[in-house]
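Open the model in your viewer and keep the selection box handy. We will go from stop to stop, picking something to select and then looking at what is there.

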Amino acid sequence: MSSELLATRGLVKEFPGVVALKGVDFDLRYSEIHALVGQNGAGKSTFVKVLAGVYSPTRGEIYFKGVRVSIRNVRDAKKLGITLVHQEATLAPNLTVAENIVLGTLGKNGGVLAPLKTSDILEIARKYLEIVGLSIDPRTKVGVLGIGEKQLVQVARALAEDASVVCLDEPTSPLTAVEAERLFEVMKELKARGKSMIFVTHRVEEVFAVADRVTVLRDGYKVFSSEVSKTDPSEVVKHMLGREIERFYPAKKGAEGGNAGVPRLKVVGLTTSQDGKGVILRDISLEVYPGEVLGVVGLLGSGKTELGKALIGMNKIVKGEVYLDGVRVRVRSPVEALKLGIFYVPEDRRREGLVGIMSIAENIILPKVWETSELGLIRVPRREVSVARKWIEFLKVVPPEPNFKVMYLSGGNQQKVVIAKALKARTKVLILDEPTFGVDVGAKVEIRKLIRSLADEGYSVLLLTSDVDEALALCDRIAVLVNGRVVGTYRTSEISRDFLVELLGGRGHGS
Amino acid sequence: MEELKAKGVDVELLVHDAKDDPAIQTSQIETVIGLKVSAILINPVHAEAVQPALEKAVKAGIPVITTDRDVANPALRLVFIGTDNVKGAEQAAQKLIEALQASGKPKPWKVVILNGIPGTTAAEDRKKGFHNVLDPLVRDGSIVIVAEEVANFRRDQGLSVTESILAKGKFDALIAANDEMALGAIQAIEGAGLKPGVDVIVVGYDAISDAVEAVRAGKMYATIAQSPFLQGYWAVYAGFYRCYFNWKPTVGWIPTPTVIVTKANVDTFAVEVATPKPLP
Amino acid sequence: MARKLSLSLSKLGRPLRELLRYELGGPLVALMALITASSILSPRFLEPYNQRILLLQTAPLALLGLGESMVILMGSIDLSPGSTMALAGTISAMTFTRFGHPLSVSILVGVLVGLAIGLVNGLLVTKAKIPSFVATLASLVAGRGMVLVLTEGQPIVGLSQYRVITEEVAGLPTMVWLFIAFGVLNYFLLKRTSVGLVTYAIGGNEEAVRYSGVRVDAVKLFNFILAGGYYAVAGLMMNARLEVAYPWTGWGYELDAIASCVLGGITLSGGVGSPLGPVVGAYMLTLLTNILILLGVNPYFQWVVKGFILVAAAAALTRGVRYVK
């Protein structure tokens, strides 16, 4: 046992309605980066949260330096030296970097009431910022930092707390490739200083870039564990999926032959208001035909989300016209958009797409809720469930339980529920904003297939994405969006990946 | 005022209504200081909030006389003219005992007390007055206080609190620190199928018009009328004496009399409290 | 013996756990505990008279709680219940006494006043985009001000005809039937209609509902208006109870209304709780005041006890919903 810093035996965590961990055995050695991978919903996030005391385990044992310990809360975990760097940065945005770094150490030297000297705080902060390689002024407010910087500040804080085990919960998912690279350097540096890390990710290539060992969780079970040097990416992916990967992209049928007739959605010279937050769109013109997937490809901050929201009346259009089936329309609110058959599936599903505390069925019937009601008012539960069940089956939502709460679904299944809402409301124009973002590999394939098949059925799909490969594989035509302007629209068959990446500013990134 | 004029005194009265707002009252005080009036007679809307304004008046050499309500710092005013709530409450309690004796109900009599908002002068003084009379009788065993509750001077709370007290059992008499609570209690007593005035003797305080009606109808046995008329009348005289004879009161507080209102004087008490009496 | 006891306890435990699964389970368990404790502590507690006055006292508060719950379930807050009930009661009484209209018209006018205040609250929140706390705080202050202006601080007397609301029908006072009826109505509205579904959804995630193309503002407006109507009915009940329109009716009751919701298991962040929760909560609050008087607890100490019990109840109830939110 002594070679292991931290070990779990038969760790079980139950939530109402789901068992997230089903008896996990796990070891972490001294000075080791141990990657924990799995699809969304595999239980990896839950696992590190149990170790960090965010959740208390339902059953099972945890050993620290060979001694059995019980971690009932975050304080217990911190006493042992286990810290979690959260997926969502948990820093106080209104405080400075330095204040955030020392926040966790306050209890240690002389208690919370010990007087704080600004110069001391700054000194401590500078020391740890240097270790994580951040050259920012510690007096900067955290709110103005980018996500990558915030993550490194969290790591610095963990170091300031003298953590021996740092759990990183999907730290790279919001990072750019360069930022991620930098994080890996920091992780290697920490390893050299004798720290151990549990690195949660769903990107297999990252495992091979930085980790010593890898453990795969699937469906709450540990299914595979190995030295990184003794395995290869395809083996890890095979264990993650539990089946052979299907063809990653579906075959295109679509309206390749040319778009005759009236476009379903036509946008001419659309310009959005200055006063709104986010990117201002200027003079955007687009056409989407029935049965077509039009990709709007743009990087973060190009204005694609703003475009989606403008088309359903959530962003104010100050100039330009929108035509639906050749008829000029004005869309001032999502209510009017829905009436016309335009539905926006937001990028941020949890905040804008779903009511987490409600069931799958209730979420699906929410748009045009009166349709399942008697006299448009009185709910008929049986009708609701049967409507929901139809879409659940069509989209293969797992679990196929209409009464299951949406918040417990994995990212991919949540996405399916949002799409189900749109389909249930008989949408004609489906605007999908990063539909495969934060969704595990298996679900990505399914959702891409679904998008294609919807187009083949005659839906008009506007796919807003930053994923060049996804766009090339799925779309009939691609409009490239840079800084709120369309710089060109192309038939997918006519352009190469390199050309597209160059248009985007040479900064395209893969799936 | 007319009296003084009739006697040949050159006097003029300026009246301001502060609408129970300390801010309004403060600016009114400041205005009249500017007019260089000879005296200020004031019913302070708040014991502390208007003190800064009154300090300016004192600095300007204008005597201040408070009526009905007093300010926290006695140095700011020449004299306070207002009701002695302890004495009034004692009268009310004595009247309650008289009524109990007259009713021939068997001893020990069961009595309920309803108090006002804790911490206010009126509530604390009246509570003290009730106990001054009732406590000796509790000791000699002729009465039992079955409940003493707070109903915050409010009619709706008087109702619900009395309802709950009645759930503990019937009682003989109830005395409340104001009429609103007493009227709420009467509502509760009727709701329990009892007759107020017969089964339960109720005594209130303040003689508000609803309560006077209840006294006339025999539902309330007695209530206590204060003398707002005398407060004003005496205040004018105090100001007059001060200005003309440089009068210095020997006491800080001149209590105004209270009148017990019962069925016997329900039609005449109004005149009684409005009859001029010389300043003691 | 000990074994037998623990066996019967575990037998009791299972239905209890089963009950706690329901939205209203926690509040009901708390209520049963309070009733059991009260009837052990005071033999008077269960007497018919006491149960009757408990229902009478609960009725207005329950209506305030029901109205408040419509708003809290959406994740908003309403501070206007106390003032709304007073203004509705006052204007209804004036219609009856000063303008000599029949009772039915006066009652209708009172309800309309409540609906109107709700409309104002709703418009301030949805159209003027003022946070509900601020908008309804304005109604709280202005509403009370209007009551005092209209009544000059004096009660409006001569409302003995309002007694129809307190008179007994089929063994219970009309107002008790009323609050039962409104409780059922509220349950139906929130659990069995699409408006109710949207109400819960708004409390769960307003943004998502907006993106779903649902008329969020219309539902909000509707709920504020309906809440105003509930408060008005409470005001009319108080007119009947006191047989006067008392200008200080409902002073501070907004807090009791909110407490009724919280005790009834409705979370202040919205989206969670049973439509009947406020009724149970209002009954608990009333019961607490009642039992403390029955026991003759020192009035000042009563507040301390109430404070402790409220905190304990709120803590126990939030424990249950922590997972959900």
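## Starting at a hairpin

Select A:R477 first: A:R491, in β22(A), is its bridge partner. This is a predicted model, so please read each stop in that light.

Now widen the selection to strand β21 (residues 477-482) and strand β22 (residues 485-491) of chain A, which pair in the antiparallel sense over six bridges. Two residues lie between β21(A) and β22(A) in this hairpin, and A:N483 in the turn has a positive phi of about 50 degrees.

## A helix in chain A

Next, select residues 441-456 of chain A to bring up helix α15. Its 16 residues span 23 Å from the first C-alpha to the last, close to the 22 Å expected at 1.5 Å a residue.

Is this helix enclosed or open? Of the 16 residues of α15(A), 12 are buried, so the helix is largely enclosed by the rest of the structure. Colour the buried residues to see this; among them are A:V441, A:V445, A:I447, A:L450, A:I451 and A:L454. The buried set also includes A:K444, A:E446, A:R448 and A:R452. Just past the helix, click on A:G458, which follows α15(A) and has a positive phi, near 115 degrees.

Zoom out to all of chain A and colour it by domain: the domain assignment gives domain 1 (4-241) and domain 2 (265-503). Taken over C-alpha atoms, the centres of these two domains of chain A are 34 Å apart.

## Where the chains meet

Show all three chains now. Which pair shares the most contacts? Of the two pairs of chains in contact, it is chains A and C. That contact takes 26 residues from chain A and 24 residues from chain C. On the chain A side, select α10 (334-340), α11 (349-353) and β18 (378-379), each of which supplies at least two residues. The largest share of this side, four residues, comes from α10(A). Colour the side of chain A that touches chain C by class and you will find 18 nonpolar, three polar and five charged residues.

Then turn to the contact between chain C and chain B, where 22 residues of chain C meet 19 residues of chain B. Four helices of chain C are worth selecting here: α3 (48-72), α9 (216-242), α11 (277-294) and α12 (299-321), each with at least two residues on the side that touches chain B. By class, that side of chain C has 12 nonpolar, six polar and four charged residues.

Chain A and chain B do not touch, and their nearest C-alpha atoms are 37 Å apart.

## Chain B as a whole

Hide the other chains and keep chain B, which has 10 helices and 10 strands. Along the principal axes, its C-alpha atoms fill a box of roughly 60 × 35 × 30 Å. Buried residues make up 46% of the 280 residues in chain B.

Colour by domain again: here the assignment gives domain 1 (2-83 + 228-256) and domain 2 (85-225). The centres of the two domains of chain B, taken over C-alpha atoms, are separated by 35 Å.

## Two sheets in chain B

For one sheet, select β1, β2, β3 and β9 of chain B: they form an open sheet of four strands in the order β1-β2-β3-β9, with parallel pairing. At the edges stand β1 (40-42) and β9 (253-256), each with a single partner strand, so one side of each is left without a neighbour in the sheet. Neighbouring strands of this sheet are turned by 20 degrees against each other on average, direction ignored. Inside it, β2 (residues 64-67) and β3 (residues 79-83) of chain B pair over three bridges in the parallel sense, and B:T67 has B:I81 in β3(B) as its bridge partner.

For the other sheet, select the strands in the order β5-β4-β6-β7 of chain B, again an open sheet of four strands with parallel pairing. Its edge strands are β5 (143-150) and β7 (201-203), each pairing on one side only. On average, neighbouring strands here are turned by 15 degrees against each other, direction ignored. Strand β6 (residues 173-176) and β7(B) pair in the parallel sense over three bridges, with B:L174 opposite B:V202 in β7(B).

Finish by adding two helices of chain B. Helix α5 (residues 121-139) lies across β4 (109-115), β5 and β6, running at about 165 degrees to β5(B). Helix α6 (residues 155-168) also lies across β4, β5 and β6, running at about 140 degrees to β5(B).

Methods: Residues are numbered from 1 along each chain as its sequence is written. Chains are lettered from A and ligands numbered from 1 in the order in which they are written. This is a predicted model: local features need pLDDT of at least 70, side-chain atom pairs count only at pLDDT 80 or more; totals for chains, interfaces and linings use all residues. Domain bounds come from an automatic or database domain assignment. The expected span of a helix is 1.5 Å times one less than its number of residues. A residue is buried if 20 or more other C-beta atoms lie within 10 Å of its own, exposed if 12 or fewer, and partly exposed in between; C-beta atoms are placed from the backbone. Two residues are in contact if their C-beta atoms, placed from the backbone, lie within 7 Å. Ala, Val, Leu, Ile, Met, Phe, Trp, Tyr, Cys and Pro count as nonpolar, Asp, Glu, Lys and Arg as charged, and the others, Gly among them, as polar. Two strands pair if DSSP finds at least two bridges between them. Axes are lines fitted to C-alpha atoms, for helices over the stretch in contact, and angles run from 0 to 180 degrees between N-to-C directions.
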